[in-house]
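User: Please examine the structure shown below and discuss its fold, burial and charge pairing in question-and-answer form.

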Amino acid sequence: MSSPQSGRFTSTPTTTITSSRVSSLKSPLSDETIWKRLREAGFDEESIKRRDKGSLIAHIAKLEAEIYNLQNQMGILIIEKKEWVANYEQMKSTAEMAEFTLKREQSVHTAALAEAKLREDKLKKALGIEKECVSN
């Protein structure tokens, strides 16, 4: 059998570990002591590697499924965002058109009021002249 160090994986997981978790992950036993206990319990390096490989494959498959679900959800969110943007643009153009129509109607109304005021003034003037003619 080879040494405990020779068959171990050289790569380490790339997960982020906070400093508070580091102290809980460190074992007080050395690697040699752990391998010795595992051999005494009936585990050899190859069976442990096979189990590790199987668990890594299962973990990778789980992560890939999670990535797929997240990408799917992100795609749905992007589609929803596009719909919201389209609705916003439509409402914005509708509001601008309504504002333009309101301003146009206000200017027409203001012009009509000015014209009515002029007619009123002319009628008052004509009434004043008529009263004067009647009194004469």
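The exchange that follows takes up these topics in turn.

User: In what order do the elements of the protein chain run from the N terminus on?

Analyst: The model is a predicted one. Its protein chain holds 3 helices and 0 strands. From the N terminus on, the order is therefore written with helices alone, and it reads α-α-α.

User: What distance does helix α3 reach from its first C-alpha to its last?

Analyst: Helix α3 covers residues 45–135, which amounts to 91 residues. At 1.5 Å a residue, a span of 135 Å is expected. The model comes close to that expectation, with a reach of 130 Å.

User: Against which element do the buried residues of α3 pack?

Analyst: Of the 136 residues of the protein chain, 4% count as buried. In α3 the buried residues are E45, S47 and I48. Their packing partner is α2 (31–40).

User: How far apart are the closest N and O atoms of E99 and K103?

Analyst: Side chains of opposite charge can pair when their charged atoms come close. E99 and K103 are separated by about one helical turn, because they are 4 residues apart in helix α3. E99 counts as partly exposed, at 44% relative accessibility. The two residues form a salt bridge whose closest N and O atoms are 3.6 Å apart.

User: Is K124, which meets E120 in a salt bridge, buried or exposed?

Analyst: K124 and E120 lie 4 residues apart in helix α3, about one turn. E120 has a relative accessible area of 36% and is partly exposed. K124 has 54% relative accessibility, and the cut-off for exposed is over 50%, so K124 counts as exposed.

Conventions: Residues numbered from 1 in each chain as written. Predicted model: local features only at pLDDT ≥ 70, side-chain atom pairs only at ≥ 80, totals over all residues. Heavy atoms only, no water. Helix = DSSP H or I, 4+ residues; strand = E, 2+ residues; numbered from the N terminus. Buried < 20%, exposed > 50% of the residue type's maximum accessible area, 1.4 Å probe, protein only. Expected span 1.5 Å × (residues − 1). Contact = heavy atoms within 4.5 Å. Salt bridge = Lys/Arg side-chain N within 4 Å of Asp/Glu carboxyl O.
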